[in-house]
Amino acid sequence: MATLSNPLSDLLAEKGVLLADGATGTNLFSQGLEAGEAPELWNEAQPEKIVKLHQDFVDAGADIILTNSFGGTRHRLKLHQAENRVHELNRKAAEIARSVADKAPRKVIVAGSVGPTGELLVPLGAMTYEDAVAAFVEQMEGLKAGGVDVAWIETMSSPDEIRAAAEAAVKVGLPYTFTGSFDTAGKTMMGLDPKDIHGVAGDIGSGPLAVGANCGVGASDILSSLLDMTGANPDATVIVKGNCGIPEFRGTEIFYSGTPPLMADYARLARDAGAKIIGGCCGTSCDHLAAMRRALDDYTPGPRPTIETIVEQIGPLRNKTAAESGAQDGGRRTRRRG
Ligand SMILES: [Zn+2]
């Protein structure tokens, strides 16, 4: 892990555990973003709505806010004919978040959200490693120009793509964190096991400030991934940013089952499982986040949870755990998909 001084590590050292924010996409949809519309375009078209998103999370108690730049590589913006606006859209995303953070009554970290390019790397796809690094450099230069404290690489599936983004952060001169989305039988779609996340980019620059999991399936599943990550390296700074309960399709729309009390339980269990940065992903509103803030402020340490405790408090796992899916013996797969 990196040891150089930076705002995120300094705040972690001061507070011990930090609350990251909630969902960007699902909250912008509730503000009128249309399916298929690029959220990043709102940094210029509707900046007041992005300001409100960040402000609501800061008011709810977030220590870390993520910029509205998840799909901000040229590969993603190309789908919206905006591939030539990478720098300005990312810079604007960072400036908006920076402006909210800088007038908060306490220290708030601005994390520059960097999601997958959506392309597969060679040999599975056409994108070379060098192309991936270049795309992330372009995005991160914009984020840095707008004043982010850290590159926040998230919802990743491919270890190679994580490495490319980490290398880009180092080239640009930003500290970085990364999180995987363990949505496929307890692993990422590309087969990365939560317990192996620590070693993915340890040799790049001075290593990540933190690693972890975000999004994925449900709140119970991500807590299971968290146990694997903190079990594999109890000294690591681990991030968990789980979805708000379980996604449920109603017609073509997705709803998340989590209530504020459930997300408060999730936050406490995440703390007991050793997470140092705890937040919400899809479906997590500022009401959910406020409940998580109270839960962490009122936190009384409990024992390291077991899967059974997690299922009891949060609900059934939707997928197998990584350990189960890694087992060659199918007979061990006692937990079924919901
Ligand atoms: Zn999510």
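I will walk through the zinc site, the cysteines around it, one helix pair and a few backbone details of this structure, which is a predicted model.

Let me begin with the annotation, since it covers the elements I will mention. The UniProt record, in an unreviewed entry, lists residues 6–296 as "domain: Hcy-binding". In the model, that span is 42% helix and 16% strand, and the C-alpha atoms at its two ends lie 23 Å apart.

Now to the metal. Which protein atoms serve as donors of the zinc ion? They are the SG atoms of Cys215, Cys281 and Cys282, and they lie 2.2 to 2.3 Å from the ion. Along the chain these donors follow the spacing C-x65-C-C. Cysteine 215 sits in strand β6, residues 210–215, while cysteine 282 belongs to the loop between β10 (277–280) and α11 (286–297), so this pair ties together parts of the chain that are 67 residues apart in sequence. As for its surroundings, cysteine 215 has a relative accessibility of 13% and therefore counts as buried, the cut-off being under 20%.

With cysteines in view, one may ask how many disulfides the model contains. The count comes to zero. Cysteine 286, for instance, takes part in no disulfide, and the nearest cysteine sulfur, which belongs to cysteine 244, is 12 Å away, whereas a disulfide would need the two sulfur atoms within 2.5 Å. Cysteine 286 has a relative accessibility of 27%, and so it counts as partly exposed.

Next, the helix pair, which brings us back to α11. The axes of helix α10, residues 260–272, and of α11 come within 8 Å and cross at roughly 45 degrees. The two helices are therefore oblique to each other, and α10 passes α11 in a right-handed crossing.

Finally, some backbone details that deserve a careful look in the viewer. Valine 122 and proline 123 are joined by a cis peptide bond, with omega at about 10 degrees, and proline 123 lies in the loop between β3 (109–114) and α7 (129–145). Threonine 155, although not a glycine, has a positive phi of about 55 degrees; this threonine 155 is placed in strand β4, residues 150–156, and, with a relative accessibility of 19%, it counts as buried. Alanine 185 is another non-glycine residue with a positive phi, here near 50 degrees, and alanine 185 is found in the loop between β5 (176–180) and β6.

Methods. Residues numbered from 1 in each chain as written. Predicted model: local features only at pLDDT ≥ 70, side-chain atom pairs only at ≥ 80, totals over all residues. Heavy atoms only, no water. Buried < 20%, exposed > 50% of the residue type's maximum accessible area, 1.4 Å probe, protein only. Donors = N, O, S within 2.8 Å, 3.2 Å for Na, K, Ca; no water. Helix = DSSP H or I, 4+ residues; strand = E, 2+ residues; numbered from the N terminus. UniProt positions renumbered as here; feature names shortened; annotations may be inferred. Axes fitted to C-alpha atoms, helices over the stretch in contact; angles between N-to-C directions. Parallel < 35°, antiparallel > 145°, perpendicular 65-115°, else oblique. Left-handed = near helix turned anticlockwise from the far one by under 90°.
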